[in-house]
Amino acid sequence: MRSFLRKIVYHFPIALTKNIQYDRQTKKVMEKWCKKDSNCLDIGAHKGEVLDEMLKLSPNGSHYAFEPIPYLFKALAQKYTNCTVLNLALSNEKGQVEFQWVKSNPAYSGLRKRTYARSHEEIVQIKVATDRLDDVLPSGHQVDFIKIDVEGGEYAVLSGAESTITNWKPMIVFEHGLGAADCYGVSPEMMFELLVGKYGMSIFTLYGKLKNRKQLNKEEFVQLFYQGKEYYFLACYE
């Protein structure tokens, strides 16, 4: 029922929530920049909403989806037989860790507890496998577009993807928000230094990129994070 209602709300003329607004903007970004043969990665695939768009826009590409929650992974693997679906939580190291499965609201699940919108979520700890993106992808596999939504663990995912990012220079849509990233000890200054300082990328808001606005400087990025004005961004090479 929740998925059905979400589909109905999604088609309203005005984005009723920030998440729906970001969903629409992500779709527009993909429509503008993904080609028929683009190779895409859906990191934190959940039920495959973004993966559907990847397949629609890039039917000739080779796509990977990553989902650590077992029942969601199984559903994805059964549905998307034309993609590589892996039961992994991408991070900056390989191992087995405790994962916070928010059973009452799975979209909030992650490697660590984060701030939750509701006060009484049902959380179950499960063991999941972690690995680095650089070590999971086949050697020489080109990557053109990446979506990362892992409830605060985005910095670790990006840290474990240095070779993939610097070699192939993909466009990356990623979440980075207060109440999630800070629960991992990650600040916007750290994220900016990784993406801009180390990888040489530029950061935009999704709206800003679609409207050809200039890239965010460090002060602007930090301010948007702490004021809670934006929590979805785009990184790319200009």
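Which residue in β6 does Ala-89 stand opposite? This tour of a predicted model begins with the sheet that holds the answer.

**The three-stranded sheet.** Select strands β4, β6 and β5: in that order they form an open sheet of 3 strands, with mixed pairing. The edges are β4, residues 89–91, and β5, residues 95–102, each of which pairs on one side only. From one strand to the next, the twist averages 50 degrees. Next, display β4 together with residues 123–132, which make up β6; these two strands pair in the parallel sense over 3 bridges. With both strands in view, Ala-89 is found opposite Thr-130 of β6.

**The seven-stranded sheet.** Now move to the open sheet of 7 strands, whose pairing is mixed and whose order reads β3-β2-β1-β7-β8-β10-β9. Select residues 84–86 (β3) and 202–205 (β9): each of these strands has a single partner strand and stands at an edge, so one side of each is left without a neighbour in the sheet. Averaged over this sheet, neighbouring strands are turned by 15 degrees against each other, direction ignored.

**Strands β7 and β8.** Within the sheet of 7 strands, select residues 145–148 for β7 and 171–175 for β8; the two run parallel and are joined by 4 bridges. Highlight Ile-146, whose bridge partner in β8 is Ile-172.

**Helix α3.** Finally, add residues 49–57, the helix α3, to the view. Helix α3 lies across three strands, namely β1 (40–43), β2 (64–66) and β7. Relative to β1, the helix runs at about 175 degrees.

Methods:
Residues numbered from 1 in each chain as written. Predicted model: local features only at pLDDT ≥ 70, side-chain atom pairs only at ≥ 80, totals over all residues. Heavy atoms only, no water. Pairing = 2+ DSSP bridges. Axes fitted to C-alpha atoms, helices over the stretch in contact; angles between N-to-C directions. Contact = heavy atoms within 4.5 Å.
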